[in-house]
Amino acid sequence: MLELQNLTKRYGDVVAVDDLTFDVRPGVVTGFLGPNGAGKSTTMRMILGLDRPTSGSVTVNGRDYRTSTAPLHEIGALLDGKAVDKGRSARNHLLALGATVGVGARRVDELLDAVGLAEVARKPAGSFSLGMGQRLGIASALLADPSIVMLDEPVNGLDPDGILWVRSFLRSLAEEGRTVFLSSHLMSEMELTADHLIVVGRGRLIRDVSMAEFIASAWSDKVRVVSPDATALAGLLAAPGVTVTSSSPTELEIEGVPASEIGDLAARHGLPLHELVPLHPSLEEAFMELTKESVQYHGRTDGALPTTAAAAR
Ligand SMILES: Nc1ncnc2c1ncn2[C@@H]1O[C@H](COP(=O)(O)OP(=O)(O)OP(=O)(O)O)[C@@H](O)[C@H]1O
């Protein structure tokens with residue numbers, strides 16, 4: 001269990017984390033979601049005691065983490081997947097870490113197998129791809145059998161097979177009763193993994209919500225209809241609480257009537273329908289809508305890059 005209370009971190013004029021209060025509970029996967037620069041890594045560093053809060057507090061299993069007598073049994077963390085000695089093999093890296101917490105070769109080999117690195121266990125970690133490095137980082141986090149697993153962008157660099165593996169792996173850790181807390185800036189990465197969401201933007205809490213509630217709130221009842229008799233259909237649909245807009249003579253966008261009722265109405269009046277499509281926004285769109293005010297770093301979308309001549313001026 002992690003408990004954050006009014007947690008705040010300032011770096012000079014920058015408020016990286018702004019009065020965050022939320023709990024991360026055991027037995028579920030909690031996703032920590034926010035655009036680039038939202039304060040996710042800073043929050044995770046404060047949870048681990050690597051950064052000191054400007055104000056507010058955070059407790060790990062009810063205590064200040066810095067006073068823990070067995071810190072790696074409490075939280076297994078992956079903050080920077082690249083923080084390994086590149087010349088050392090994956091197995092030796094884990095053995096060296098394991099020696100500091102009383103973990104021996106047997107558990108190291110079990111973990112290498114669990115994360116899918118058994119075959120490359122004796123190769124230098126420096127030769128690993130980004131995804132293999134992430135797997136090694138996850139194995140390091142799990143070494144001391146922690147009750148809390150905290151991972152910063154764990155699927156970064158993984159191929160689709162790796163992403164599926166992380167999803168089912170994290171889910172099984174939560175089912176064992178562990179607290180699983182992972183960050184991402186992509187809703188699509190959370191969609192099938194997280195049971196609960198903490199959404200942040202510019203250091204502030206935007207939503208603390210179950211995935212089921214988030215999905216329900218993202219739902220819209222808009223329906224797109226294509227019909228050669230769109231005008232007649234629009235006339236039949238006119239009623240209080242129903243909005244009908246039209247972008248072409250054969251196309252309607254209808255809000256306030258379920259698709260099934262529109263289909264039945266058209267059938268009763270003998271109006272042909274060429275398309276009848278409920279328009280549900282993707283969760284990614286819902287997340288972007290929620291955080292659009294807090295996105296700090298926007299790329300250009302006009303496709304225009306400065307020319308060499310312009311850059312040289
Ligand atoms: N040591 C530091 N000194 C000054 N500013 C910092 C420092 N660390 C973070 N920041 C600033 O704090 C803000 C939050 O950064 P942080 O890395 O926590 O965000 P994030 O949500 O993890 O972003 P990303 O998804 O890009 O990793 C940013 O504006 C960042 O520039």
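Strand 2 (14–24) and helix 1 (40–47) each supply at least two residues of the shell around the ligand, where helices (H or I, at least four residues) and strands (E, at least two) are DSSP runs numbered from the N terminus. Helix 1 gives the most to this shell, with 3 residues.

Before going further, a word on the model. It is a predicted one, in which local features need pLDDT of at least 70 and side-chain atom pairs count only at pLDDT 80 or more, while totals for chains, interfaces and linings use all residues. Residue numbers start from 1 along each chain as its sequence is written.

Which residues surround the ligand? They are Tyr-11, Val-14, Ala-16, Gly-34, Asn-36, Gly-37, Ala-38, Gly-39, Lys-40, Ser-41, Thr-42 and His-185. A residue is near a molecule if its C-beta atom, placed from the backbone, lies within 6 Å of it.

Now to the two domains, whose bounds come from an automatic or database domain assignment. Domain 1 covers 2–209 and domain 2 covers 219–291. Their C-alpha centres lie 44 Å apart. The contact between them takes 10 residues from domain 1 and 5 residues from domain 2, two residues being in contact if their C-beta atoms, placed from the backbone, lie within 7 Å. On the side of domain 1 that touches domain 2, helix 7 (187–190), strand 8 (196–201) and strand 9 (204–210) each supply at least two residues.

The table sets out the residue classes of the ligand shell and of that side of domain 1. Ala, Val, Leu, Ile, Met, Phe, Trp, Tyr, Cys and Pro count as nonpolar, Asp, Glu, Lys and Arg as charged, and the others, Gly among them, as polar.

| Group | Nonpolar | Polar | Charged |
|---|---|---|---|
| Shell around the ligand | 4 residues | 7 residues | 1 residue |
| Side of domain 1 that touches domain 2 | 5 residues | 3 residues | 2 residues |

Helix 3 (residues 90–99) is worth a look too. Ala-90, Arg-91, His-93, Leu-94 and Gly-98 are buried there, meaning that 20 or more other C-beta atoms, placed from the backbone, lie within 10 Å of a residue's own. Seen down the axis of helix 3, these buried residues fall within an arc of 160°, so they line one face of the helix; the arc is that of the directions from the helix axis to the C-beta atoms. Helix 4 (105–114) and helix 5 (130–142) are among what covers them.

Finally, the whole protein: 12 helices and 13 strands, with buried residues making up 33% of its 313 residues. Its C-alpha atoms fill a box of roughly 75 × 55 × 45 Å, taken along the principal axes.

Note on methods
Buried ≥ 20, exposed ≤ 12 C-beta atoms within 10 Å, placed from the backbone.
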